[in-house]
Amino acid sequence: MKTILTTLNAKYIHTSLALRWLYVANKDRFDISFREYVIKEDVEQIADELLASGPDIIGISVYIWNVDKAKRLAAILKERKPGLTIILGGPEVTYEPEFFLKDWNIDYVVGGEGEFVLGDLLTAIENNQSTEIEGVSSIRNISRSVIKADLNKLASLPSPYTLEEDKTDIKNRLVYFETSRGCPYQCQYCLSSLEKGVRYFPQEHIFGNLRYLIENGAKQVKFLDRTFNLNKEHTKAVFDFLTDNYRPNLSLQFEIYADLLTDETIDYLNSKLPAGYFRFEIGIQSTYEPTNNAVKRKQDFSLLAGNIRKLMSGGKIDLHLDLIAGLPYETLERFTKSFNDVFDLKGKEVQLGFLKMLRGTALRRDAVKYGYIYSQQAPYEIESNNDISKDELERIHDAEHALEKYWNSGKFSRTMKILTDTYYKGRYFELFDEIGQYYNQNGLPHHGYQLEDIFFNLHNFLLSKGIDLFEELRTDYYYNFKIRPHGFWKDKMDKKERKQLLYQIGNDKPFLKEYKLTRKIIEKQTAIDPLGNSGYLLTVFNFENNRVSPLFIRYTFSDI
Ligand code: SF4
């Protein structure tokens, strides 16, 4: 009996830890393998490929981002091979198995952590026994149990992190890692709020596998722990291990509950940690207390903000701060305040998400109470509620596009610093909202643009507000390149004239000597821009001698 486990990841660099756990837990007893695909791949082709190896059973891991494709995949597989048994698992299907059993052409749904339950189900199918197993639902028997696997037992299995087939790709992909499972919090919109209690993997398992990943060249590891810093001793032990085993070119991402950070931990991170090694994702979601109370999110914003500021002062960790639009009681005005409160912390990225009514969550059950209208199709994003209209949410969507392009991309750091420290200080949402509206009114695309276009658009937007930051924008623009760019978003100089000027400067021997440049570097790797009456700006793209940014030089011809 041949079984294939599969899923559609959001991007190629993502890896499915769930498939690997299911595989290692069952590979010694069954003829089982796993195959990962990416959401944008053609489902017909995926079905062809899966069926080509003659499976009897296919297990599909279903998430909010792949629901529609997974449904189509299941339908095609059954149509082409009616005798095939299909098992679904994953967070999306766990809490409403009856919906998937009725709506999809599948046979079983496994609820919760399926590593060992899958083995029980495969044994039952193989031996024609009853499949009434705790955690397994079928059309004849719905199980409400959400299974939790024994983490010590999981740790005793062959490791899902060290599979031979992953070894060559470890450098190119994002590795997901877990040191614990479960979340103690109750945020009503989140599926993790339904998992009661937090369990930890044994330390030998955690350290052994992390050592393997570090030694084998992993570049990005994302910790899946819902609140990584929940347990002080555990957090310290893992942070100690990681700092003791620091390796350049490795980035580690954690989800952190900032209220729980102690001064001791912050001091430790600020003093011991190599810069750029850790990245923290911190969910703030809203700073409005009635909203947080409604969704049962425990949060002390002043404590959290103080902790974030202390962390920022160390300059070691990139902070990524999360906000959600569309939570109960947040009008546009109140959302603007939440946005400004969070933005004021100046995290490297501000991730603005839109509330989704996930299957199984308490907020979805309370949808009527708050007047939620939401899409019936995954990802079940809300369209409006009693406090915010569809138009207002669309406007926040436009602002979010602007936020992504102009803040989160990091491509405009100098210009954005000036804007958010002066012209738009404390009015951060207004800045992105106005850019979003400017894009709308001028029919500018949010996707599929060239880099110069978005510089040009921001320059024009700022001029429309009476703000001229041309020079800062030009500096930001050049910082985005490692070689001399072909064009420039406000390049008025004639090609011939430019060539001639660079030729003349290339003959200025004292100048070349002073800046340790050569004629070739001036002619081939240098951009030249007029500076009105004060000469020219030379931007040299010569990244030798450990230089990480272009060299900017003011040049006047009297120098010759
Ligand atoms: S949002 Fe975060 S803290 Fe809240 S329940 Fe979900 S995982 Fe836990």
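The residues that line the second largest cavity of this predicted model divide by class into four nonpolar, three polar and one charged. To find this lining in the structure, the reader can look for Ser180, Gly182, Cys183 and Pro184, and then for Val198, Arg226, Thr227 and Leu230, which line the second largest cavity together with them. The space that these residues surround comes to about 30 Å³.

Such spaces can be searched for in a simple way. Rolling a probe the size of a water molecule over the atoms shows where empty space is left. When cavities of 30 Å³ or more are counted in this model, the number comes to two.

The largest cavity holds about 150 Å³ of space, and of the 13 residues that line it, those closest to its centre are Thr15, Arg20, Asp166, Ile170 and Val175. Sorted by class, the lining of the largest cavity has eight nonpolar residues, one polar residue and four charged residues.

It is also useful to ask which parts of the chain this lining comes from. Helix H1, which spans 17-26, and strand E7, which spans 174-177, each supply at least two residues of the lining of the largest cavity, and it is E7 that gives the largest share, with three residues. On the scale of domains, the lining of the largest cavity draws at least three residues from domain 1 (2-137) and at least three from domain 2 (154-386), so that a reader tracing the walls of this cavity will meet residues from each of these two domains.

Methods: Residues are numbered from 1 along each chain as its sequence is written. This is a predicted model: local features need pLDDT of at least 70, side-chain atom pairs count only at pLDDT 80 or more; totals for chains, interfaces and linings use all residues. Side-chain values use heavy atoms; hydrogens and water are left out. On a 1 Å grid over the protein atoms alone, a cavity is a set of points where a 1.4 Å probe fits but cannot get out, and a pocket is an open set with protein on both sides within 12 Å along at least five of seven lines; lining residues have an atom within 4 Å of a point. Grid points are joined across faces, edges and corners, and a volume is the space filled by probe spheres set on the points. Helices (H or I, at least four residues) and strands (E, at least two) are DSSP runs, numbered from the N terminus. Ala, Val, Leu, Ile, Met, Phe, Trp, Tyr, Cys and Pro count as nonpolar, Asp, Glu, Lys and Arg as charged, and the others, Gly among them, as polar.
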